[in-house]
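Colleague: Could you take me through this one slowly? I'd like to hear the reasoning behind each label.

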Amino acid sequence: MTSWHALERADLVRSLSEAGPDAPTLCEGWRGRHLAAHVVLRERSLLVPVGGGRLAERSDQAIEDAAARAATADGFDALVAQIAEGPRRWHPLSWAAELANVLEFFVHTEDVRRGAGQIEPRALDPERVEALWGHLLRMAPLAYRRAGAGVVLVRPDGVRRAVRRPTGDQGAVVVRGEVGELVLHAFGRGARADVAVEGDPLSVEALQGAFPGGGATTGR
């Protein structure tokens, strides 16, 4: 059985190493070293995965401190090496990696790849696409909980799945794209994702209020 989280981890490590500590990312205010620090602390601390109030402030400060130590080439290489090594055995992500890290690492790899501007999406083999699709369908209802309209995800092969029901007076909006691009849209990277958003104008506006990006069209 393929370890998809290990494959995504390897891609993230490679992308960070190639980009360097000061490379821009899609995470506002973060350079490559901040993103690397986030990943390491997420897997080696119980502080980063939780948020809100003082915990969020402590988490932000921990990331800033680790990123500062990684400002040099050697410091950054050491931080990336920790990502390659993976979580500590005692950490929950040591046994929940497949569930928690496949989409996380895929998105962060794209955060690094696309940080400097729009580039071509990666070519993904069919098995990897199906793995991403399965993970996306599991998390999409939670990811789109703030969407102001219903959401239907549609792949280029015509496979579609409703992941959020319409609410109130809003209808459903169709988001079309390759599976990797749909993942990015669900994670709030729609401005850099190659997706098309279709639906009635009010519903499209409601969705894009929370999830900007995507070439919008009316009607279906």
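Modeller: Sure, and let's begin with a term: contact means heavy atoms within 4.5 Å. By that rule, and leaving aside neighbours within four places in sequence, Leu 93 is in contact with Arg 42, Glu 43, Pro 87, Ala 100 and Asn 101. One caution: this is a predicted model, where local features need pLDDT of at least 70 and side-chain atom pairs count only at pLDDT 80 or more, while totals for chains, interfaces and linings use all residues. Residues are numbered from 1 along each chain as its sequence is written, and side-chain values use heavy atoms, with hydrogens and water left out.

Colleague: Why is Leu 93 called buried?

Modeller: Buried means under 20% relative accessible area, exposed means over 50%, and partly exposed is in between (1.4 Å probe, protein chains only). Leu 93 has 9% relative accessibility, so it counts as buried. Leu 93 lies in the loop between α4 (73-85) and α5 (97-113). Its C-alpha atom is 8.9 Å from that of Arg 44, and the two residues are 49 residues apart along the chain.

Colleague: And what makes Asp 125 partly exposed?

Modeller: Its relative accessible area is 38%, so Asp 125 lands in the middle class. You'll find Asp 125 in the loop between α5 and α6.

Colleague: How do you decide what counts as a helix or a strand?

Modeller: They are DSSP runs, numbered from the N terminus: helices are H or I with at least four residues, strands are E with at least two. The protein chain has eight helices and five strands, in the order α-α-α-α-α-α-β-β-β-α-β-α-β.

Colleague: What makes the protein chain as compact as a globular protein of its length?

Modeller: We compare its radius of gyration, taken over C-alpha atoms, with the globule rule, which is 2.2 Å times the number of residues to the power 0.38. The rule gives 17 Å for 220 residues and the chain has 18 Å, which is close, so the label fits. Also, 49% of the 220 residues count as buried.

Colleague: Which residues of helix α8 are buried, and why do we say they line one face?

Modeller: In α8 (residues 201-210), the buried ones are Ser 203, Val 204 and Leu 207. Seen down the axis, they fall within an arc of 100°, so they line one face of the helix; the arc is that of the directions from the helix axis to the C-beta atoms. On the other side of α8, Pro 201, Leu 202, Glu 205 and Gly 209 are exposed.

Colleague: How many aromatic pairs does a search of the whole structure find?

Modeller: One. Rings of Phe, Tyr and Trp (its six-membered ring) pair if their centres lie within 6.5 Å; planes under 30 degrees apart count as stacked, over 60 as edge-to-face and the rest as tilted. Tyr 144 and Phe 211 have ring centres 4.8 Å apart and planes at 45°, so this pair is tilted. The pair links distant parts of the chain, 67 residues apart. Tyr 144 is buried, at 0% relative accessible area, and Phe 211 is buried too, at 3%.

Colleague: How do you know that the charged end of Arg 146 sits over the ring of Phe 211?

Modeller: The test asks for NZ of Lys or CZ of Arg within 6 Å of the ring centre and within 35 degrees of the ring normal. Arg 146 is listed as sitting over that ring, 5.2 Å from its centre. Arg 155 lies over the face of Trp 133, at 5.1 Å from the ring centre.
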